[in-house]
Amino acid sequence: MARPRSANRRRFVLALIVLTSITLITLDSRSGRSGPLGAAGRAAHAVVSPIGGAVSAVAQPISDWWSGVTDSGGLKKENRRLRREIAELRGHQQDAAVALEEDTLLKSLLSLAQGLGTNARPVAARVIDRDPGNFESTITLDRGTEAGIEEGMAVLAPDGVVGHVVSSWHGGCSVRVLTDSNSAIAVRTLEHPAVGIAQGHTGSSELTVADFDSAAQIKVNDTVVTSDLANSVYPPDLSVGTVTNVDEQSAGLGLSVRIKPHVDFRELDFVLVLRWVPGEGPVVPIATTTTTFPTTSTSTSTSTTTTGQTGP
Amino acid sequence: MRAARIIALVTLTVIVQVVLFPHIRLAGRVPDLGLVLAIAVAFDHGPEEGAIVGFVAGLGFDLFLSTPLGLTALAYSLTAYGVGVLQGGMLRAPRWFTPVIGFLGGIAGGLLFVGIGLLAGVDGVHGNRAFVTVVLAACYDGLLAPFLFMLVGTLLHDPRERMTGWVRR
């Protein structure tokens, strides 16, 4: 007799459980968690939450360790993928930085070109090489005869004169910069009317003018621009540099002046080659004061008068 | 006294399930600790007790879920009852059987949960991913089953019953 009664009891319990469950499911589905059943859930959460917070703090390291154990294969794979992505992103970031820098340079170059007269006929070129030897200061550009670039043409950067073309070929040209020992450029000071020939020196980043008139009132920080002496390969009134030192030579030989060029020849990336021909007049507007192009840090200068050209 | 131990065990199981195992997932899934407990109780003490423990543990777990209250309770209790009934026909369970019964019970409980959930119109129990979840959770259940069987055997052990082997038979 015990067995059937036990079986009946089991069935009764099961039926009770099933009915209760179905009732609960129905009630909960209909009333949602806003009813009394929801209140029971909220109460349970309220009771367990503090335990959960405490356990969470303790379990987090265990969880991390467990994740490391169970996902180690995936983690390694993800790690490799992320490292690859980081490398790619760093590459893109560097590309973007270079592009931004080039953009700034090209904008300043464009601004410089727009500030020049039509007779300047500038051609933009990229510096692709420099100083092949120890005793010369030259740079190589990526444009040459195919762009109409010929020997003797002046080369400009946004900050001022770079030098002039000494040889040109199809696809490139070589430019002798102002600091080369064989370079000579006719200059004058903007603030005081004095004309001289500035020469470069091997191993020096400055130019020297040894033949300024001793009566000239040249001072340190005076601005020096290209002169309009006849046959000069440079158009007049282009920024050259700033006077850094003035010495009076003995026996009335005049003033010896050192000039720091405005252009940093080591940092050149883009330049303008002026297809200007001596005798075509100035390429910058006539002005009474030093002019700074909008996007350049230093200046390409203009002066009060520009007449004729002379050469070094 | 025994009822108190069962209540304590069920409460502890629900709390551990709710606060600890979300941090210790296997392939992103948590085990059905209450289900394995109910199976262990059913295996050890028969379908009636298993069903009651399954109902209470499932109901406790339901309080923390967004699915309808009673859904997990029904799935757990039916599974435990079935395990208890099937166990009645067995003479002796070898040691390796507990992970298997945990896994199979997990599959049955998971499928019941999905099936009843579909009938009740629960979202989120549709599709193949639900079945993948059931299988993975069942694997986890199988891994934990030996510990819970041992716990149930130790805590709910009645000295008057004859113990043969790792779990009661």
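**A walk through chains A and B**

Let me start in chain A, where helix H3 (residues 72-115) lies across strand E1 (122-130), strand E3 (154-157) and strand E12 (270-274), running at about 20° to E12(A). Helices (H or I, at least four residues) and strands (E, at least two) are DSSP runs, numbered from the N terminus, and axes are lines fitted to C-alpha atoms, for helices over the stretch in contact, with angles from 0 to 180 degrees between N-to-C directions. Contact here puts two C-beta atoms, placed from the backbone, within 7 Å.

A word on the source: this is a predicted model, in which local features need pLDDT of at least 70 and side-chain atom pairs count only at pLDDT 80 or more, while totals for chains, interfaces and linings use all residues. Residues are numbered from 1 along each chain as its sequence is written, and chains are lettered from A and ligands numbered from 1 in the order in which they are written.

Staying with chain A, six strands form a closed barrel in the order E1-E2-E5-E4-E3-E12, with antiparallel pairing; two strands pair if DSSP finds at least two bridges between them. Within this barrel, E4 (residues 160-169) and E5 (residues 172-177) run antiparallel and are joined by six bridges, and A:Ser168 has A:Cys173 in E5(A) as its bridge partner.

Turning to chain B, we find six helices and zero strands, and 51% of its 169 residues are buried, which asks for 20 or more other C-beta atoms within 10 Å of a residue's own (exposed is 12 or fewer, partly exposed in between).

What does helix H6 of chain B look like? Its 29 residues (127-155) should span 42 Å at 1.5 Å a residue, taken times one less than the number of residues, and the end C-alpha atoms are 40 Å apart, which agrees. H6(B) nevertheless bends by about 45° at B:Leu144, with B:Pro146 following within four residues; the bend is the angle between axes fitted to the seven residues ending there and the seven starting there. The buried residues of H6(B), among them B:Ala137, B:Leu144 and B:Phe149, pack against H2 (33-45) and H5 (97-119) of chain B.

Finally, the largest nonpolar core, meaning buried Ala, Val, Leu, Ile, Met, Phe, Trp, Tyr and Cys residues joined through C-beta atoms within 7 Å, has 53 residues, of which B:Leu37, B:Ala38, B:Ile39, B:Val53 and B:Ala80 touch the most other members. H2(B) gives this core its largest share, 10 residues.
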